[in-house]
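Grab your viewer and work through these exercises one at a time. Try each task before you read its solution.

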Amino acid sequence: MRETLSAALQWLDDHGLDPALVTSAAIVLSASIAIGAVVEFFVRRAARRHRAGLLVSVATHTAAAFRVFVVAFGFLLWLSTDGASWQVLRLPTRILTIAVGGWFAIGVVRGAIAYALDKYDISHADNLEARRMLTQVRLLGRVAGWAIALATAAGMLMAIPGIRNIGVSLFASAGIAGLAVGLAARPVLSNMLAGIQIALTQPIRIDDVVIVEGEWGRVEEINLTFVVVRIWDLRRLVLPISYFIERPFQNWTRTSARIVGSVFIHADFTLPIEDVRAEFGRALRASKHWDGDVEVVQVTDSTDRTMQIRLLMSAANSGIAWDLRCEIREHMIAYLQREHADALPKVRLEPADGL
């Protein structure tokens with residue numbers, strides 16, 4: 001053991017390295033690793049004890065970045081005090097510290113997003129609050145991620161004196177080029193601003209039922225520059241996010257998932273409306289899809305041949321309302337065929353005199 005230590009000290013002396021400085025650096029690095037591990041341990045323990053799910057999620061997503069950041073920051077402090085002869089490492093260490101700090105900040109954002117995804121469940125029918133929170137968290141999280149990445153890159157560049165001076169000269173002489181790039185990037189910037197506006201005002205949310213471009217579907221993804229709508233037949237309609245700011249569309253779940261559905265029946269004038277109303281009520285009460293609220297039968301139109309009967313019914317959400325409408329439509333058609341076949345739409349012909 002003594003021979004190994006002597007050989008190591010001799011190797012350091014042969015390469016011009018002060019053994020005391022190397023030992024000091026090793027102590028600082030070891031202490032930084034230990035401090036990082038201890039802090040992480042107590043944070044996780046406190047989070048579990050107080051059932052702070054957000055803190056646990058953030059700690060999980062930032063654990064690796066935190067360890068590296070503590071080590072890099074501790075070494076940077078050592079370089080500014082004891083490591084005067086190792087100043088060549090100060091700039092790379094500073095850049096590494098800034099980069100890892102950005103990594104840590106992005107981990108905080110991702111931890112918050114993961115916590116929100118676990119906490120807010122959009123699988124149940126009355127999920128307005130969950131959809132509102134998820135939309136805000138995802139969109140603002142993406143905006144924060146891009147902002148952190150840009151700030152980190154700027155900080156790393158500003159840490160390099162040569163590049164900092166060159167950057168000032170480039171900005172001073174690139175007015176026309178910057179204007180051209182700005183004009184070319186205008187659609188991207190407008191979509192990003194629309195994404196921030198949607199996150200705050202929320203004309204659409206995750207899992208909203210919408211009618212866009214004549215298609216019925218649900219909002220599956222809201223990204224920073226585009227929205228993915230899952231159409232009922234599992235196709236995906238991808239639209240720029242500015243579409244939902246600049247153009248009209250239908251949102252069936254803007255304030256509530258509940259919706260009123262309708263079924264239209266065309267029948268002869270001889271059909272007794274009260275019988276239809278009674279049968280419609282029995283059909284609704286027998287259905288598992290009806291929410292027990294809206295039950296309306298009205299004659300809404302008539303022609304020279306038939307009358308139009310509208311059946312109104314309510315359901316917890318649009319998907320259930322579709323199933324309810326189909327179920328009631330089939331039931332009422334079967335009822336008319338069975339009980340009032342003579343009242344089905346018919347064409348009356350009256351022969352002229354002498355025929």
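**Exercise 1.** Place Phe104: which helix holds Phe104, and which residues does Phe104 contact beyond its neighbours within four places in sequence?

Solution. Start with the element: Phe104 sits in helix α4, residues 90-119. Helices here are DSSP runs of H or I with at least four residues, strands are runs of E with at least two, and both are numbered from the N terminus. Two ground rules help before going on: the model is predicted, so local features need pLDDT of at least 70 and side-chain atom pairs count only at pLDDT 80 or more, while totals for chains, interfaces and linings use all residues. Residues are numbered from 1 along each chain as its sequence is written, and side-chain values use heavy atoms, with hydrogens and water left out.

Next, the contacts (heavy atoms within 4.5 Å): with neighbours within four places set aside, Phe104 meets Thr62, Ala65 and Phe66. The C-alpha atoms of Phe104 and Phe69 are 7.9 Å apart, with their positions 35 residues apart along the chain. Finally, exposure: Phe104 has a relative accessible area of 29%, so it counts as partly exposed. The scale runs buried under 20%, exposed over 50% and partly exposed in between, using a 1.4 Å probe and protein chains only.

**Exercise 2.** Describe the largest pocket: what is its volume, and which element gives the largest share of its lining?

Solution. Volume comes to about 300 Å³. The closest residues to the pocket centre, out of 13 in the lining, are Trp216, Trp252, Ser318, Trp322 and Arg325. Elements that give two or more residues to this lining are β2 (215-222), β6 (259-267) and α11 (318-339). The largest share, five residues, is from α11. By type, the lining has seven nonpolar, four polar and two charged residues.

For the terms: a pocket is an open set of points on a 1 Å grid over the protein atoms alone, where a 1.4 Å probe fits, with protein on both sides within 12 Å along at least five of seven lines; lining residues have an atom within 4 Å of a point. Asp, Glu, Lys and Arg count as charged; Ala, Val, Leu, Ile, Met, Phe, Trp, Tyr, Cys and Pro as nonpolar; and the others, Gly among them, as polar.

**Exercise 3.** Work out the sheet that contains β6: what is its strand order, and which strands stand at the edges?

Solution. The order is β6-β8-β7, an open sheet of three strands with antiparallel pairing. The edge strands are β6 and β7 (295-302): each has a single partner strand, so one side of each is left without a neighbour in the sheet. Pairing here needs at least two bridges found by DSSP. Ignoring direction, neighbouring strands of this sheet are turned by 25° against each other on average.

Now go pair by pair. Nine bridges link β6 to β8 (residues 307-315), and Val260 stands opposite Ser314 in β8. Seven bridges link β7 to β8, with Val296 partnered by Leu312 in β8. β7 and β8 also make a hairpin, with four residues between them.

Then add the helix: α10 (residues 273-286) lies across β7 and β8, at about 140° to β7. Such angles run from 0 to 180 degrees between N-to-C directions, with axes fitted to C-alpha atoms, for helices over the stretch in contact. Glu279 belongs to α10. Its relative accessible area is 8%, so Glu279 is buried. Not counting residues up to four places away in sequence, Glu279 touches His331, Met332 and Tyr335.

**Exercise 4.** Look for positive phi: what is the phi of Leu234, and is Leu234 buried or exposed?

Solution. Most residues other than glycine have a negative phi. Leu234 is not a glycine, yet its phi is positive, about 75°. Leu234 is in the turn of the hairpin formed by β3 and β4, which has four residues between the strands. Its relative accessibility is 61%, so Leu234 counts as exposed.

For another case, take Asp207, whose phi is positive and near 75°. Asp207 lies in the loop between α8 (186-201) and β1 (209-212). With 15% relative accessibility, Asp207 counts as buried.

Definitions and conventions: Grid points are joined across faces, edges and corners, and a volume is the space filled by probe spheres set on the points.
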